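Got the viewer open? Let's take a short walk through the model, one selection at a time.

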Number of protein chains: 2
Amino acid sequence: MTRAAIPAPVLPSAGVLTPLGLDESRITGGLWAQKQVVNAAATLEHIRARLESEGWLPNFDLAAAGALPEGRRGREFADSEVYKWLEALAWEIGRGGSDELEQTFRAAVARVAAAQEADGYLNTMFGREGQRPRWSDLEWGHELYCAGHLLQAAVARARTRPGSDDGLLEVAIRVADLVVREFGPGAREAICGHAEIELGLAELGRVTGDRRYTEQAALFVERHGKHTLRDIEHGRAYYQDDVAVREAEALRGHAVRANYLAASAVDVAIDTGDADLLAALERQWSRTIARRTYITGGQGARHSDEAFGEDWELPSDRAYSETCAGIASLMFAWRLLLATGEARYADLIERILYNVLATSVSDEGTAFFYSNPLQQRVEGAMPDPGETVGRASTSLRAPWFSVSCCPTNIGRTIASLGAYLATTTAHGVQVHQYAAGEIRTASGIALTVDTAYPARGRIVVRIDEPGDFEIALRVPGWAHGATLDGAPVSPGYARVRRRWNEGDEVVLELPVAPRVSLPDPRIDAVRGSVAIERGPEVWALESVDLGTDVAGAVLVPGSVRAEGEGVVADFLVREDDAAAWPYAAEQPPAGEQRTSALVPYRRWGNRGPATMRVFLPLAT
Amino acid sequence: MTRAAIPAPVLPSAGVLTPLGLDESRITGGLWAQKQVVNAAATLEHIRARLESEGWLPNFDLAAAGALPEGRRGREFADSEVYKWLEALAWEIGRGGSDELEQTFRAAVARVAAAQEADGYLNTMFGREGQRPRWSDLEWGHELYCAGHLLQAAVARARTRPGSDDGLLEVAIRVADLVVREFGPGAREAICGHAEIELGLAELGRVTGDRRYTEQAALFVERHGKHTLRDIEHGRAYYQDDVAVREAEALRGHAVRANYLAASAVDVAIDTGDADLLAALERQWSRTIARRTYITGGQGARHSDEAFGEDWELPSDRAYSETCAGIASLMFAWRLLLATGEARYADLIERILYNVLATSVSDEGTAFFYSNPLQQRVEGAMPDPGETVGRASTSLRAPWFSVSCCPTNIGRTIASLGAYLATTTAHGVQVHQYAAGEIRTASGIALTVDTAYPARGRIVVRIDEPGDFEIALRVPGWAHGATLDGAPVSPGYARVRRRWNEGDEVVLELPVAPRVSLPDPRIDAVRGSVAIERGPEVWALESVDLGTDVAGAVLVPGSVRAEGEGVVADFLVREDDAAAWPYAAEQPPAGEQRTSALVPYRRWGNRGPATMRVFLPLAT
């Protein structure tokens with residue numbers, strides 16, 4: 001088996017679990033199949049059209065024509081959106097995308113390639129007359145960041161169409177070689193203000209077998225914390241240049257940067273056999289999950305620097321919880337899952353998938369939440385289809401953003417989602433995420449997963465080819481009372497090994513009754529409140545269901561109950577517009593009782609402007 | 001009586017109450033006398049030294065020498081700090097400052113005046129070759145903002161040294177005339193991104209009797225909400241250009257801008273007899289106080305744009321509560337108090353004085369909090385005396401900031417504080433704030449206030465000159481159980497009118513036992529928590545007293561008690577570093593009980609790095 005040819009985003013050189021390629025793990029039904037259909041049919045084209053109309057793809061044409069900088073449009077990182085879109089196209093084509101997609105991909109690659117300079121440099125923002133010099137603004141210039149996304153796109157293409165003559169891999173290799181010349185051992189000792197080049201280099205090293213890229217990724221990772229970047233008002237923690245990666249206690253600073261860096265550091269730890277670094281990253285992950293992560297799996301509590309807050313600083317209303325941070329956190333967790341085989345990483349991935357990723361993108365695939373707050377205090381406007389909104393806007397899902405990193409990140413993640421569902425070991429197969437689908441491993445294991453999860457908790461795994469292997473099914477951390485073939489199983493992996501015949505079935509039952517979750521008392525922002533969850537989904541109260549603003553509603557304890565596959569609860573609602581000093585010796589009286597349905601958080605905002613809250617104050 | 005000659009910051013043309021000048025109301029003892037001594041002896045010199053060393057005062061020398069832009073230092077608004085310091089000097093000199101201060105003032109004015117251009121333009125950042133053109137960046141350029149502070153400085157000087165030959169008033173008049181030519185009726189229809197020019201023009205109109213300035217202030221106020229400024233990612237609410245002033249429902253956007261604009265709008269409403277505008281401002285104030293104000297009186301919940309949050313969005317940890325926003329809010333409330341005579345405005349001013357202003361500045365007068373959070377999660381560092389820190393830093397009080405608006409704002413406010421304590425009407429005198437001091441009104445009322453407030457609640461007002469007049473003493477909103485000469489009085493103004501003899505006394509007793517205040521249940525961030533107050537002061541729990549981080553401490557209900565003039569309470573303290581998913585079906589057990597002293601919030605951080613919280617979670 002040539003590892004480089006497996007069509008999967010992450011192919012570590014070692015680790016407890018081995019990834020499957022998109023050809024080995026397919027989603028055939030349910031929410032995620034639907035999301036993949038919409039992603040292919042609508043999202044990728046939506047992105048293409050905006051990349052053209054915003055001028056971000058035409059920037060490359062201007063570069064090739066020597067017409068920059070005059071007509072350049074977009075921020076420093078505009079190139080990277082083209083690359084993330086190319087990566088999404090590569091995965092989608094690898095999943096069986098149309099000839100039309102292939103032509104779109106090739107045409108775009110040609111435009112990008114035409115902009116590459118003789119020495120391999122490729123960036124539309126720097127280096128020309130009238131532009132700032134190359135590498136002159138490592139703090140904010142995003143040059144290496146853009147290069148990293150180019151490398152990831154090329155890796156996706158190399159793994160899904162090995163040997164293709166489109167030329168993207170060659171473009172990427174020339175960029176990577178330039179990066180090694182400029183920033184390699186003995187050259188300029190610097191890092192990029194936004195981690196990402198590390199991810200691209202690590203995976204390009206795996207694709208090409210060229211250790212220089214792996215070593216360059218390792219160099220960049222190790223250089224964090226050496227204060228090669230300027231101090232700024234946000235502090236050097238913003239770009240993780242405050243403390244060495246292996247010495248940090250938790251993720252901090254800009255949440256996307258932090259997770260990209262941590263994910264790449266796992267790659268480096270694995271490929272260089274650095275057990276100390278891997279252990280440090282596992283510790284940081286634990287602390288980050290325990291104290292700096294929303295119940296949705298979202299990360300990043302602060303708007304001002306799109307950053308993690310301190311421990312326990314997790315406001316619902318101003319949760320930034322950027323979609324891209326969720327995806328970056330998924331990438332970090334996936335690498336730790338492959339490295340260790342521990343279920344807690346897959347637990348987080350499930351939380352992110354259902355409550356961040358699926359929340360961000362609209363049913364139509366053409367509008368997105370950039371940030372994913374757990375409380376909406378004012379009814380946000382519904383943007384027009386052609387609108388570009390601010391990233392921290394309170395609007396509903398929007399078609400595009402002034403900083404539009406999230407749509408392309410969603411595009412590439414959903415296109416490659418099949419690869420995150422299951423893995424193999426020498427003993428057998430592990431199913432981490434449940435969706436109706438088929439697993440056909442190169443090693444000969446063939447399974448069909450039949451389920452209406454998460455609406456229902458029954459997951460039937462049918463064996464399609466006889467064999468002697470172990471099936472490991474993840475029992476989520478929340479699934480107390482789960483059974484496997486009728487026998488109680490605990491959170492973690494439920495494992496069955498036997499000689500299987502075709503048509504054999506294993507049945508996992510996960511309890512999906514609504515449950516009430518209490519936050520740690522140190523999370524001040526949601527003290528005295530509870531969240532309602534059902535299966536992997538966090539649920540929310542929306543004003544559309546309550547019939548009035550959710551601000552004055554408190555939950556009647558013990559009133560949460562299932563209604564079919566839905567959830568309802570009773571609330572005391574106070575409506576009071578008196579304007580008085582709000583700190584007093586006595587509390588105002590409780591309001592009138594009413595019953596309201598809740599909605600899965602990922603479905604909020606689908607019925608027009610509304611106020612919403614995930615954490616529900618308990619009536620006392 | 002020539003109104004222009006009263007040495008007071010605000011002299012409305014009408015209103016229920018008439019301000020007293022600094023010569024009519026003096027503070028002689030207690031906290032505020034001490035603050036004034038330190039302000040005069042240390043703060044003003046500290047500011048002078050930094051204005052020189054940061055280059056902000058030398059910028060004017062460069063301008064005069066034609067040497068700009070090369071050597072210019074500081075941000076767009078650096079000039080304004082020089083002007084706010086000049087204003088502070090003017091008040092301090094008016095209060096009886098030294099000859100040395102007078103020389104310092106005159107020397108600085110000469111340097112400023114030398115930089116004024118032939119047509120009256122005066123700004124070191126714009127208009128020269130190599131600089132951006134004048135008025136080319138109204139969103140962020142702060143040109144009119146700087147001009148407004150210059151006018152306020154000149155007003156302070158004109159009122160404290162009428163007829164002085166220093167030339168500042170003439171410089172200001174030439175600037176104001178230029179502003180009227182450039183932005184007056186029929187000229188450029190625009191506003192400044194940071195309200196302030198309106199305040200300067202309104203008061204300059206009062207000093208000079210020139211209605212053009214008043215009308216220009218009114219024009220600027222009315223132009224807000226007409227979208228003459230660009231839309232930005234923060235939205236036009238950031239600079240109050242979203243909605244017309246008279247149509248807004250609450251203060252919103254940048255909290256300093258919002259309060260400066262609202263304060264100036266009161267000036268305009270009074271001087272133009274616009275009852276509709278005044279009523280709108282009173283409504284906005286009510287809503288802002290009821291839903292967007294911290295228990296400290298601080299305003300501005302958001303770091304990202306230094307802005308008000310939505311209703312009920314009042315996080316303790318990320319409270320921005322900028323010192324300057326507190327001062328700006330005091331300015332707004334003072335104008336409404338003069339206009340209406342309602343005690344609630346004086347209540348807010350008291351809250352701001354004790355819990356924002358007195359919190360920000362150190363005992364030594366040379367270090368400041370820029371933001372005033374109600375919870376400190378991590379121990380902030382103690383800056384070095386020469387250090388400049390970021391404004392959103394978690395450091396302890398710092399000597400200077402990259403944006404250093406707060407020190408000069410404190411300087412001018414403390415120097416003029418005497419003017420905010422009492423007022424007169426045709427019937428008599430109103431005492432709004434209590435400090436040991438003397439009132440000697442131009443109308444012949446002479447009182448001595450004897451008190452150790454706020455440590456003790458006894459306030460003795462002694463009559464020093466016989467007369468027939470009313471004495472109105474404010475009973476704060478929190479002071480349930482107050483007595484006047486032994487008889488119960490309710491919050492509001494307790495009024496006694498009689499023919500007084502010299503030596504007569506009125507004794508007001510305010511209850512200063514510790515009290516427990518509950519937040520409105522809609523303030524999500526502090527649900528299940530209470531604040532402890534004593535007199536006008538909010539108190540806080542500091543780790544230095546608790547003996548451990550305050551994050552794990554919950555208050556034992558009913559345990560808050562006085563200990564002398566201090567406050568102690570019992571807490572259950574949990575120390576637990578286990579790293580687990582923090583949302584679960586059950587809460588962790590409570591911790592061990594210990595007793596701790598509390599400190600007035602304004603005194604927190606005085607014993608080195610500490611964690612701190614104002615709102616204390618209640619044990620359940």
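On this tour, two residues are in contact when heavy atoms of theirs lie within 4.5 Å. One more thing before we set off: this is a predicted model.

**Stop 1: B:H149**

Start by selecting B:H149 in chain B, and you'll land in helix α5, which covers residues 143-160. Is B:H149 buried or exposed? It is buried, with a relative accessible area of 0%. Now show what surrounds it. Leaving out neighbours within four places in sequence, B:H149 is in contact with B:S80, B:Y83, B:K84, B:E196, B:Y260 and B:R412. Keep B:E196 on screen for a moment: its side chain and that of B:H149 are joined by a polar contact of 3.3 Å.

**Stop 2: the cysteines**

Next, colour the cysteine sulfurs. A disulfide is a covalent bond between the sulfur atoms of two cysteines. How many disulfides does the structure hold over all chains? Zero.

Two cysteines are worth a click here. Go to B:C324 and find B:C406, which has the cysteine sulfur closest to that of B:C324. The two sulfurs are 3.5 Å apart, and a disulfide needs them within 2.5 Å, so this pair is too far for a bond. B:C324 is also buried, at 1% relative accessible area.

Then hop over to chain A and pick A:C192. Its closest cysteine sulfur belongs to A:C146, 8.1 Å away, which is again too far for a bond. A:C192 counts as buried too, with 2% relative accessibility.

**Stop 3: A:A64**

Stay in chain A and select A:A64. You're now in helix α2, made up of residues 58-64. What a change of scene: A:A64 is partly exposed, with a relative accessible area of 43%. Which residues does A:A64 touch, once neighbours within four places in sequence are set aside? Look for A:A114 and A:A115.

For a longer view, draw a line from the C-alpha atom of A:A64 to that of A:H224. The line spans 34 Å, and the two residues are 160 residues apart along the chain.

**Last stop: both chains together**

Zoom out and show chains A and B. Turn chain A by 180°, with 0.0 Å of shift along the rotation axis, and it superposes on chain B with an RMSD of 0.0 Å. That is how copies are related by a two-fold axis. The same surface serves both copies, as 100% of the contact residues of chain A recur in chain B.

Note on methods
Residues numbered from 1 in each chain as written. Chains lettered and ligands numbered in written order. Predicted model: local features only at pLDDT ≥ 70, side-chain atom pairs only at ≥ 80, totals over all residues. Heavy atoms only, no water. Helix = DSSP H or I, 4+ residues; strand = E, 2+ residues; numbered from the N terminus. Buried < 20%, exposed > 50% of the residue type's maximum accessible area, 1.4 Å probe, protein only. Least-squares fit on C-alpha atoms with pLDDT ≥ 70 in both. Polar contact = N/O pair within 3.5 Å; in protein donor to acceptor, adjacent residues only side chain to side chain.
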